[in-house]
Amino acid sequence: MIFSGNGSPTPSEFLREYWQKKPLLIRQAFPGFIPELDADDIAGLASDELAESRLVTGSFPEHDWNLRYGPFTETDFASLPESNWTLLVQDVEKHYPPVHSLLDEFSFLPSWRIDDLMVSVAGPGGSVGPHVDQYDAFLLQAEGTRRWQFTVTFDPALVPDCELNVLQSFTPEQEWVLEPGDMLYLPPGVAHHGVALDQGMTWSIGMRAPSTADLLQALGDWLAQNRAEGQRYQDSGMPLPHRTGEIDAAAIERFCRMLGNVAHDGVDFRSFLGSFLSHDRLVHEPAPAVKQLDVQALAKALEQGATIQHHPWTRLAWLKSGPGAILFAAGDEYSCPADLAEKICTRPVKITNNPDQAKQQLDLICELINQGHLYLQL
Ligand code: SIN
Ligand code: CO
């Protein structure tokens, strides 16, 4: 339990006082944390072309930054300098599903808000430079020692002509040194700089916060695909325009209303939102199963002790709809009762033995397995 230490806030206190507001250091959030993956495992992932990886060298205040994208080879790792390097791999829980159990510790947040587990391995002095993120992050020190400095007031100017978004200047207001098992929560918009004091690993649980631009772009694509082009601009009954070329206040208001209608009643915005949030930022997607399963085969496998797992590259979420719910899986949509949607979003998926519900549960689970969102583990 993250918040069980002496003096730690409860999850409700955390949400009320810190979430999206201010940094929090939780000493021994994971006492005796033993990472299931070591630096060699992370280097292995960074050699895989399916994984998103980066190698950063440089230091502050020298600003001698260099950024390269993976996949990397043995030679790349062998030619690393002694110090001032960081290897970062995104979506580690999807490439290596057993570590997903760490994300389950964050169940005090909506599951669809969690983006991924990023692991960074750093040599002494390794850092990605002082910077600001647009996302909340929980930075768990998995191995070694790291000094985190941060400040809420800073000059936002970035180092020019640098691929990394590094702040030109940075004067910390506060610093904490994290040991294995300690975790730092940072809300978006706080400038921070983490420097490895020796070789170590940071496991960073990052949240998602789509921008208005992301949302509008996705909504536009969704409307075009699902709802033809939507309502057209209308201005019947308008008074005589008195200034040539002016987009007047009434016209602006009509356009704003057009956008508002999309979010409220113009289209099924809820359907869009579920599809978007269950799909957003997934670099890979599950593919339909090669061998399609039928309900009898599923029931038999369950009787023999098979468990139902989430495909690592699906994201599941649901919302209420009338008396039931709509379940979303990586952008696909399924109607079902709310209890079943919740059950399917919980890992591993456990079905009830109630014979009245069994048929409906098995039918939907079978469909989700055949679409690749769930799979059976024997
Ligand atoms: C890191 O883990 O090296 C960087 C994480 C961050 O500062 O956001
Ligand atoms: Co950061």
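A pocket is found on a 1 Å grid over the protein atoms alone, as an open set of points where a 1.4 Å probe fits, with protein on both sides within 12 Å along at least five of seven lines, and its lining residues have an atom within 4 Å of a point. Grid points are joined across faces, edges and corners, and a volume is the space filled by probe spheres set on the points.

The structure described here is a predicted model, in which local features need pLDDT of at least 70 and side-chain atom pairs count only at pLDDT 80 or more, while totals for chains, interfaces and linings use all residues. Residues are numbered from 1 along each chain as its sequence is written, chains are lettered from A and ligands numbered from 1 in the order in which they are written, and side-chain values use heavy atoms, with hydrogens and water left out.

**The pockets**

The largest pocket has a volume of about 1,100 Å³, and of its 42 lining residues the closest to its centre are Arg54, Gln90, Met118, His131 and Asp133. Among the elements that each supply at least two residues of this lining are strand S2 (53-57), strand S3 (66-69), strand S6 (137-143) and strand S11 (200-207), where strands (E, at least two residues) and helices (H or I, at least four) are DSSP runs numbered from the N terminus.

The second largest pocket holds about 540 Å³ of space, and the closest to its centre among its 24 lining residues are His100, Ser111, Trp112, Cys345 and Arg347. Helix H4 (92-95), helix H5 (100-104), S5 and strand S13 (316-321) each supply at least two residues of that lining.

The table divides the residues by class, with Ala, Val, Leu, Ile, Met, Phe, Trp, Tyr, Cys and Pro counted as nonpolar, Asp, Glu, Lys and Arg as charged, and the others, Gly among them, as polar.

| Set of residues | Nonpolar | Polar | Charged |
|---|---|---|---|
| Lining of the largest pocket | 18 residues | 15 residues | 9 residues |
| Lining of the second largest pocket | 11 residues | 7 residues | 6 residues |
| Shell around ligand 1 | 4 residues | 4 residues | 2 residues |

**Ligand 1**

Ligand 1 sits in the largest pocket, in the sense that more than half of its atoms lie within 2 Å of the grid points of that pocket. The residues around ligand 1, with a heavy atom within 4 Å of it, include Thr86, Leu88, Met118, Ser120, Arg146 and Trp148. Strand S4 (85-89), strand S5 (114-122) and strand S7 (146-151) each supply at least two residues of this shell.

An oxygen atom of ligand 1 is 3.2 Å from an N or O atom in the side chain of histidine 131, and for the side chain of aspartate 133 the distance from a ligand oxygen to an N or O atom is 3.2 Å. With histidine 192, an oxygen atom of ligand 1 is 3.3 Å from a side-chain N or O atom. Taken alone, ligand 1 exposes 260 Å², and the protein buries 93% of that, with accessible areas from the Shrake-Rupley method and a 1.4 Å probe.

**Backbone features**

The peptide bond from phenylalanine 60 to proline 61 is cis, with omega near 10 degrees, and proline 61 lies in the loop between S2 and S3. Another cis peptide bond joins arginine 347 and proline 348, with omega about -20 degrees.

How values were computed
Polar contact = N/O pair within 3.5 Å; in protein donor to acceptor, adjacent residues only side chain to side chain.
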